[in-house]
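Visitor: Could you take me through a single part of this model and show me, step by step, what surrounds that part? I am new to this, so please explain each term as you go.

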Amino acid sequence: MSLDERTVHGLRIVIDRDQCVGFGDCATAAPEGFKLDADTIATFLEPERVERERLLRACDACPVDAITVWDAEGRQLVPPLT
Ligand code: SF4
């Protein structure tokens, strides 16, 4: 399992690179924060440069839920738990 993890703005963000299908929605929503690597798989750039709300929207934009976000209390914010 290939996981990329960062903690930014009090958010723990994990990209499950095995789930990523490389559509790039995250990078389109937050190009400072995410990019597609040479294998067309999402990885982090400088997510700390993206304001918190847009970062959350970018993570939530993933059509296959390859990005998961928890807040400082460990509550899952993305994908939203219904
Ligand atoms: S939006 Fe999801 S599937 Fe698309 S590149 Fe980003 S992590 Fe991968």
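Guide: Strand β5 has two faces, a covered one with I67 and V69 and an uncovered one with T68 and W70. Strands such as this one are DSSP runs of E with at least two residues, helices are runs of H or I with at least four, and both are numbered from the N terminus. Before going further, please note that this is a predicted model, in which local features need pLDDT of at least 70 and side-chain atom pairs count only at pLDDT 80 or more, while totals for chains, interfaces and linings use all residues. Residues are numbered from 1 along each chain as its sequence is written.

Let us begin with I67, whose place is in strand β5. A residue is called buried if 20 or more other C-beta atoms lie within 10 Å of its own, exposed if 12 or fewer do, and partly exposed in between, with the C-beta atoms placed from the backbone. I67 counts as buried because it has 24 C-beta neighbours inside 10 Å. Leaving out residues up to four places away in sequence, I67 touches I13, I15, C26, C59, C62 and V78, where contact means that two C-beta atoms, placed from the backbone, lie within 7 Å.

I67 also belongs to a wider group. A nonpolar core is a set of buried Ala, Val, Leu, Ile, Met, Phe, Trp, Tyr and Cys residues joined through C-beta atoms within 7 Å. The largest such core here has 17 residues, and those touching the most other members are C26, A58, C59 and I67. Two or more residues of this core come from each of β2 (11-16), α2 (52-60) and β5 (67-70), and α2 supplies the largest share, namely four residues. On α2, the residues L55, L56, A58 and C59 are buried. They lie on the same side of α2, because they cover an arc of only 160° around the axis, the arc being that of the directions from the helix axis to the C-beta atoms. The buried residues of α2 pack against several elements, among them β2, β5 and β6 (76-78).

Now consider the strands that pair with β5, where pairing requires that DSSP finds at least two bridges between two strands. On one side, β2 and β5 run antiparallel and are joined by four bridges, with V69 of β5 as the bridge partner of I13. Strand β6 also runs antiparallel to β5, and two bridges join them; here V69 stands opposite V78. β5 and β6 form a hairpin with five residues between them, and G74 in the turn has a positive phi of about 85°.

Two further places deserve a look, one before the strand and one after the hairpin. In the loop between α2 and β5 we find D65, which has a positive phi of about 55° although it is not a glycine. D65 is exposed, with 12 other C-beta atoms within 10 Å. Beyond the hairpin, the peptide bond from V78 to P79 is cis, with omega near -15°, and P79 itself is in the segment after β6.

To gather the picture, β5 carries I67 and V69 on its covered face, I67 is among the residues that touch the most other members of the largest nonpolar core, and V69 has I13 as a bridge partner and stands opposite V78 in β6.
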